[in-house]
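Let's take a friendly walk through a few side chains and the company they keep. Please have the model open as you read.

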Amino acid sequence: MAGADMEILSADQGDGVAGEAALAEVVPRATIRLEKKHPLAIRWMHWINFPVLFTMIWSGLLIYWNDSDNAYRYPHEVYRVGVGPVTLLRMFPDWFYTNRFWDMRYHVTEGLGYHFFFMWLFAINGLVYVTYLVASGNWRLMVPTMRSWKEAVQVTLFDLHLSKVHPPVRKYNGAQRIAYTAIILMGAGSLVTGLSIYKPTQVHWLTTLLGGYEMARWEHFWLTMGFCGFFLLHVFQVVKTGWNNFRGMVSGMEIRPADATPYAEERRDG
């Protein structure tokens with residue numbers, strides 16, 4: 001047939017049937033397939049968490065502006081990056097709070113209101129997410145294994161163009177497993193440290209366990225900075241990997257090589 005790749009196979013002559021041939025048409029094999037990557041529940045909780053976490057960070061900055069050290073030498077610049085007595089920078093300079101685009105000064109009550117309201121949404125969404133991972137068995141795809149650490153090094157070297165060895169293609173590679181598990185633990189840490197500085201008297205045992213009120217504030221702040229760093233890296237990786245990866249979190253479907261191991265098999269293998 002014109003325009004189609006096919007192969008005509010000649011059949012052996014059967015007893016008493018001379019010259020009879022059987023024709024078989026070989027259909028070209030597909031090289032790609034459409035596979036479901038993310039369940040609807042995962043996608044909903046992912047996209048719900050984005051505006052919730054953004055609002056938590058924004059309202060936290062409104063609260064943070066109101067703070068200062070005891071001597072009022074560095075208003076709203078309490079935490080710093082430095083080595084020993086040498087300070088490289090403080091969090092955050094005045095221009096960060098007041099510029100031509102926004103003004104964060106004197107909104108501490110507004111920040112507290114938003115922060116404590118969205119705290120509940122953040123906690124509930126996180127609890128439902130973890131519960132779903134456990135109940136559905138999807139945790140097997142996300143929790144790091146021993147090989148994840150080696151694979152994370154391979155992924156990092158490959159992304160930095162320091163190695164030409166392409167890491168194994170899976171739903172979550174080793175670096176993603178470590179990062180996504182860490183972000184869940186960071187979310188739990190943010191809730192625990194936030195509670196300890198919100199109710200330091202009622203949960204004094206928790207505040208003490210975290211090293212005291214000031215240490216709990218320090219831990220809460222740097223967990224927030226960790227979320228910001230993860231967000232920037234996450235967006236960069238999504239842009240880098242292209243539309244196919246983004247499609248998986250929007251529609252749930254992803255285009256994959258036809259011979260790739262199905263994600264369902266990965267989950268069963270653990």
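What follows is a short report on selected residues and their surroundings.

## About the model

This is a predicted model, in which local features need pLDDT of at least 70, side-chain atom pairs count only at pLDDT 80 or more, and totals for chains, interfaces and linings use all residues. Residues are numbered from 1 along each chain as its sequence is written, and side-chain values use heavy atoms, with hydrogens and water left out.

## Tyr79 and its neighbours

Tyr79 lies in strand E2 (residues 79-83); strands are DSSP runs of at least two E residues, numbered from the N terminus. With a relative accessibility of 8%, Tyr79 is buried (under 20% relative accessible area, against over 50% for exposed and in between for partly exposed, with a 1.4 Å probe and protein chains only).

Setting aside neighbours within four places in sequence, Tyr79 has contacts that include Tyr64, Arg217, Trp218, Phe221 and Trp222 (heavy atoms within 4.5 Å). Arg217 is 138 residues away along the chain, yet its C-alpha atom is 10.0 Å from that of Tyr79.

## Aromatic company

Tyr79 also belongs to an aromatic cluster, whose members include Phe92, Trp95, Phe221 and Trp222. Rings of Phe, Tyr and Trp (its six-membered ring) pair if their centres lie within 6.5 Å; planes under 30 degrees apart are stacked, over 60 edge-to-face and the rest tilted. The count is 22 aromatic pairs. Phe221 and Trp222 are edge-to-face because their ring centres are 5.1 Å apart and their planes are at 90°. Phe221 is buried at 8%, while Trp222 is partly exposed at 26%.

Note on methods: Helix = DSSP H or I, 4+ residues; strand = E, 2+ residues; numbered from the N terminus.
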